[in-house]
Amino acid sequence: ARPRMPRMPYHPLRTAPRLLAALGLPALLAGCMVLSSNPGYPSEWAPPSAQRLDGCPLIAGRYVNDGQMHVTSGAACMPQSRMAKGAEAGSWDCRRELVANLGLAGEATLIELKQPDEQTLEVALQDAAGATLASKRLRRGHDFHCDADSLFFSGTRSILGGPGMTAAGILFLSGGVTNHSRALRAAADGALVMTVRERMAMYHLVFGAVDTSTSYVRWPNAPAAAASAPP
């Protein structure tokens, strides 16, 4: 008689493709709920500037670090303290500080941006007198990217509940991912404007949902007096 092959022990990740395939068809049949809060560019703000430095928008200037958020009745901005566990890396945390939205850490009153070329963004953290407290050089393709409209930073794509929930999510046919991007453009009045786009996709059994949102933050051009004030 032909010897019987030993049975492989069950492991949830080994059966993931079959389970996800089983999930996919019912989800398509049941449909997907779409939630959105995507207001247009604030009409009361100066329009975006079309100035460019070769392949990137020109955003060089000195700006106030504490920004102004455009708030609407349907605003979906969520502080980090209220985020679902595991979503922090892929979600925007509503912070208005320019230094944080550039992906940097540190305290500052003013932020000076320089673009010696399209591949480089130099960031100087300054106090109220314009003295440099710290500086950082960011590189295109590594720290930031450019498209036809904006110079942008992307949040890390994250799994809701964290990596430890992946196997459990497969078993119970539930889970989700979240990510966001922060796109910067100069405005015609000299301010710097950021557009934040977030997307969260979730599923449970045969039900799915996609939640998208758009937020805007504006950093005014720093007054000349603040930049030249004596220490």
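This report describes a predicted model, covering its confidence, one sheet, the salt bridges and the disulfide.

**Confidence**

The average pLDDT of the protein is 75, and 62% of the residues reach at least 70. Two stretches stay under 50. Over residues 5–30 the pLDDT is under 50, and the model has 20 contacts there beyond four places in sequence. Residues 161–173 also have pLDDT under 50, with 23 contacts beyond four places in sequence.

**The sheet β4-β6-β7-β8**

An open sheet is built from 4 strands in the order β4-β6-β7-β8, with antiparallel pairing. Strands β4 (61–64) and β8 (132–139) are at the edges; each has a single partner strand, so one side of each has no neighbour in the sheet. On average, and with direction ignored, neighbouring strands of the sheet are turned by 20° against each other.

Taking the pairs in sheet order, β4 and strand β6 (residues 110–117) run antiparallel and are joined by 4 bridges. Within this pair, G61 has L113 in β6 as its bridge partner. Next, β6 pairs with β7 in the antiparallel sense over 6 bridges. The connection between β6 and β7 is a hairpin of 2 residues. K114 has E122 in β7 as its bridge partner. At the other edge, strand β7 (residues 120–126) and β8 run antiparallel, with 7 bridges between them. Here E122 is opposite R137 in β8. E122 therefore appears in two pairings: it is the bridge partner of K114, and it stands opposite R137.E122 also takes part in a side-chain contact with R137, described next.

**Salt bridges**

The structure holds 6 salt bridges. Three of them are listed here with the distance between N and O.

| Basic residue | Acidic residue | N to O distance |
|---|---|---|
| R95 | E97 | 3.4 Å |
| R140 | E118 | 2.9 Å |
| R137 | E122 | 2.6 Å |

The side chains of R137 and E122 meet at 2.6 Å, N to O. R137 belongs to strand β8 and E122 to strand β7, so this salt bridge ties together parts that are 15 residues apart in sequence. The two residues also stand opposite each other in the pairing of these strands. E122 has a relative accessible area of 23% and is partly exposed.

The salt bridge of R140 and E118 has an N to O distance of 2.9 Å. R140 is in the loop between β8 and β9 (145–146), while E118 is in the loop between β6 and β7, so the pair ties together parts that are 22 residues apart in sequence. The relative accessible area of R140 is 27%, which makes this residue partly exposed. E118, at 22% relative accessibility, is partly exposed too. The cut-off for a buried residue is under 20% relative accessible area.

In the third pair, E97 and R95 have their closest N and O atoms 3.4 Å apart. A salt bridge is counted when a side-chain nitrogen of Lys or Arg lies within 4 Å of a carboxyl oxygen of Asp or Glu. E97 is partly exposed at 29% relative accessibility, and R95 is partly exposed at 40%.

**The disulfide**

The count of disulfides comes to 1. C56 is joined to C146, with an S to S distance of 1.8 Å. The angle about the S-S bond is 100°, and the link is right-handed. C56 is in strand β3 (residues 56–57) and C146 is in strand β9, so to speak of the chain, these are distant parts, 90 residues apart. Both C56 and C146 are buried.

**A further site: D211**

D211 is found in strand β14 (residues 207–219). With 29% relative accessibility, D211 counts as partly exposed. D211 and T178 are separated by 33 residues in sequence, and their C-alpha atoms are 9.3 Å apart in space.

How values were computed. Residues are numbered from 1 along each chain as its sequence is written. This is a predicted model: local features need pLDDT of at least 70, side-chain atom pairs count only at pLDDT 80 or more; totals for chains, interfaces and linings use all residues. Side-chain values use heavy atoms; hydrogens and water are left out. Two strands pair if DSSP finds at least two bridges between them. Axes are lines fitted to C-alpha atoms, for helices over the stretch in contact, and angles run from 0 to 180 degrees between N-to-C directions. Buried means under 20% relative accessible area, exposed over 50%, partly exposed in between (1.4 Å probe, protein chains only). pLDDT is the predictor's confidence in each residue, from 0 to 100. Contact means heavy atoms within 4.5 Å. A disulfide is a pair of cysteine sulfur atoms within 2.5 Å.
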